[in-house]
Amino acid sequence: MPEKINIGDTIPTFSLPDQHGKEVAIASKIGRPLVIYFYPKDDTPGCTKEACSFRDQYDVFAEHGAEVIGISSDSPQSHLAFAKKYNLNFTLLSDEKGKVEKLFGVPRSVLGLISGRVTYIVDKEGVVRHIFNSLFNAEKHVEEALRVIRSL
């Protein structure tokens, strides 16, 4: 397994609990384009802007058959509160041990204390077609994701 997922790689298989505590196997999502975005923390300014941007553009992703999945180390309970507070209409997965973050090779920032903000666009076959990494430009992740999803 590579240290870091790159464009052209197939995503690793994993299962994580969603905001309702239900186990989600990523393999069950292959067959449609995926937007998998890793973010540092629920209910913080940048992460809230990013999540609300994905929420607001959700219909556009759906028109292209794509599913949006957010992943952070927050608990399912935290994800559920975050999703309810901002009416999020997509899946949030809880990676409390950071296992999937490590599988993807998501870089940590600020002395390794904060999880990175990286978006992976995955095609129907499970192959990474685009990676966007920017901790501080949260809303740009949605623009980049839409641009690539439209081209798949």
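These legends go with a set of close-up views of the predicted model.

Because this is a prediction, local features are described at pLDDT of at least 70 and side-chain atom pairs at pLDDT 80 or more, while totals for chains, interfaces and linings use all residues. Residues are numbered from 1 along each chain as its sequence is written, and side-chain values use heavy atoms, with hydrogens and water left out.

**View 1. The five-strand sheet, edge to edge.**
The strands of this open sheet run in the order S5-S4-S3-S6-S7, and the pairing is mixed. Strands here are DSSP runs of E with at least two residues, helices are runs of H or I with at least four, and both are numbered from the N terminus. Two strands count as paired if DSSP finds at least two bridges between them. At the edges sit strand S5 (91–94) and S7, each of which pairs on one side only. On average, neighbouring strands are turned by 20° against each other, direction ignored. Such angles run from 0 to 180 degrees between N-to-C directions, using axes fitted to C-alpha atoms (for helices, over the stretch in contact). As a general reminder, strands of a sheet pair through backbone hydrogen bonds, either parallel or antiparallel.

**View 2. The S6–S7 hairpin.**
Strand S6 (residues 118–122) and strand S7 (residues 128–133) are antiparallel partners over five bridges. Want to find the register? Val118 is bridged to Asn133, Thr119 stands opposite Phe132, and Ile121 has His130 as its partner. Five residues separate the two strands of this hairpin, and Gly126 in the turn has a positive phi of about 90°.

**View 3. Strand S6 and its other partner.**
S6 also pairs with S3, again in the antiparallel sense and over five bridges; one of the matches is Leu34 with Val122. Is S6 buried or exposed? Five of its five residues are buried, meaning under 20% relative accessible area; over 50% is exposed and anything in between is partly exposed (1.4 Å probe, protein chains only). Val118, Tyr120 and Val122 are on one side, with Thr119 and Ile121 on the other, and both faces are covered.

**View 4. Helices against the sheet.**
Helix H1 (residues 45–56) lies across strand S3 (34–38), strand S4 (67–72) and S6, at about 170° to S3. Helix H3 (residues 76–85) packs on the sheet too, touching S4 and S5, and its direction makes about 155° with that of S5. Zoom in on Thr48, which is found in H1: at 12% relative accessibility, Thr48 counts as buried. Setting aside neighbours within four places in sequence, Thr48 is in contact (heavy atoms within 4.5 Å) with Asp43, Phe82 and Tyr86.

**View 5. Two cysteines without a bond.**
How many disulfides does a search of the whole structure find? The count is zero, with a disulfide defined as a pair of cysteine sulfur atoms within 2.5 Å. The sulfur of Cys52 is 11 Å from the closest cysteine sulfur, in Cys47, so the two are too far apart for a bond. Cys47 is buried at 1% relative accessible area, and Cys52 counts as buried at 13%.

**View 6. The nonpolar cores.**
A nonpolar core is a set of buried Ala, Val, Leu, Ile, Met, Phe, Trp, Tyr and Cys residues joined through side-chain atoms within 4.5 Å. The largest one has 21 residues, and Val35, Tyr37, Phe54, Phe61, Phe90 and Leu92 touch the most other members. S3, H1, helix H2 (58–63), H3 and helix H5 (140–151) each give two or more residues to this core, and H5 gives the most, with five. A second, separate core of 19 residues includes Ile5, Phe14, Ile26 and Val100.

**View 7. Two serines with polar contacts.**
Ser94, in strand S5, is buried at 2% relative accessible area. The side chain of Ser94 reaches the backbone oxygen of Asp74 at 2.6 Å. A polar contact is a pair of N or O atoms within 3.5 Å; within protein, one must be able to donate a hydrogen and the other to accept it, and residues adjacent in sequence count only if both atoms are side-chain atoms. Ser151, in helix H5, is exposed at 58% relative accessibility, and its side chain reaches the backbone oxygen of Val148 at 2.7 Å.
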